[in-house]
Amino acid sequence: MKNMIKTIALAFLLAFGTAAFSQGGGIWNFQWGIGFPMGSTSDFLNSSSFRGFAVQGGGYVTDNLMVGGRAGWQVFYQDYGFVTRHSEKVTISGYQKKYINAVPLTVNVNYIFGHWTVLPYIALGVGPYYIETRNYMGIYYVRENAWHFGLAPEVGVVIPFGTNSNVGLNINAKYQYAAKTKDTQSISWFELNLGLSYLF
C-alpha cells in the first residue's frame, strides 16, 4: 500500500510539473466547492458541506488533451444536538457531532472540446484519497482514517473574462468516489465547484 501511494504521489508531482512547465500552455484553477454526501456517506452524515477548496493545474499535450493534477480538501460536519442512543446492552446520551475530512490527490486528464469563447471540457481524476471520520458523543469519539483509491469524473466549463483575457471563471460538477478499504467503508459525494482560472 505504501509503495502504491509513493508511486501515485510521484505521478501526481509529475502531473503538476507538466502543468507548470508545459510549452503548449494550460490552465490553473482555484476552486471553492460545495459537497453533497452520497451512498454510505449519507448514512454516516447527510449534511451538505460548503467547506471545499481545491487547486488544479493542467498542461496541453495535444490541441484538445490536457494532463495535470488536483489537490483538494472537503470537510463535512453535522451537529445532532443532545441525543440518546440505545443498544442491546447500553444506553448512551450526549451531544453528538460527526466530521469527515477528505483530501483527494488526483492525476487528471481533461479533454477540451474546442477553443471558442468558452472552453467546455470533461475530465477524469485518479489517485489516493485521505479520509478521516470522527463520531463524537460528548467528550468521547470514534476516529477512523485511511488512504483510499479514488476516481473523480468531471464535467465543466472555463469562461474567460474577455477575448484576450488570461483570467476566467471555472464552473464544474464532479463525482468523488473513494473505494472501501479492508477496515473502512467507501466515501462518496457529489461536488459543485466555482472558481477562477488562469490560462497560460
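The chain of this predicted model contains 2 helices and 8 strands, and when its elements are read from the N terminus on, they follow the order α-β-α-β-β-β-β-β-β-β. How the strands are joined to one another can be followed by starting with strand β5 and moving along the chain.

Strand β5, which covers residues 119–137, pairs with strand β6, which covers residues 140–160, in the antiparallel sense, and 19 bridges link the two. One position where this pairing can be seen is Ala123, which stands opposite Glu154 in β6. The strands β5 and β6 form a hairpin with 2 residues between them, and in this hairpin Gly138 takes a positive phi near 65°.

Strand β6 also pairs with β7, again in the antiparallel sense, over 9 bridges, and here Val155 stands opposite Ala173 in β7. These two strands form a hairpin as well, with 6 residues between them.

The path then continues from strand β7, made of residues 167–178, to β8, for these two strands run antiparallel and are joined by 12 bridges. Within this pairing, Tyr175 has Phe190 in β8 as its bridge partner. Strand β8, which spans residues 187–199, is in turn joined by 12 bridges to strand β1, which spans residues 26–38, and these strands also run antiparallel. A reader who looks for Met38 will find that its bridge partner in β8 is Ser188.

In a regular strand, the side chains alternate between the two faces of the sheet. With the strands in place, the surface can be considered next. A nonpolar surface patch of about 560 Å² is made by Phe30, Phe161, Val167, Leu196, Tyr198 and Phe200. Of these residues, Tyr198 is found in strand β8. Is Tyr198 to be called buried, partly exposed or exposed? Its relative accessibility is 39%, and because the range for partly exposed residues lies between the limit of 20% for buried and that of 50% for exposed, Tyr198 counts as partly exposed.

Some values for the whole chain complete the picture. Of its 200 residues, 42% count as buried, while the accessible surface of the chain comes to about 10900 Å², with 64% of this belonging to carbon and sulfur atoms. Among the contacts in the chain that have a separation of 6 or more, 62% are accounted for by residues that lie 24 or more positions apart.

Conventions: Residues numbered from 1 in each chain as written. Predicted model: local features only at pLDDT ≥ 70, side-chain atom pairs only at ≥ 80, totals over all residues. Heavy atoms only, no water. Pairing = 2+ DSSP bridges. Helix = DSSP H or I, 4+ residues; strand = E, 2+ residues; numbered from the N terminus. Patch = residues over 30% accessible without salt bridge, like charges linked within 9 Å, V, L, I, M, F, W, Y side chains within 5 Å. Areas by Shrake-Rupley, 256 points an atom, 1.4 Å probe, with all protein chains shown as cover. Salt bridge = Lys/Arg side-chain N within 4 Å of Asp/Glu carboxyl O. Buried < 20%, exposed > 50% of the residue type's maximum accessible area, 1.4 Å probe, protein only. Contact = heavy atoms within 4.5 Å.
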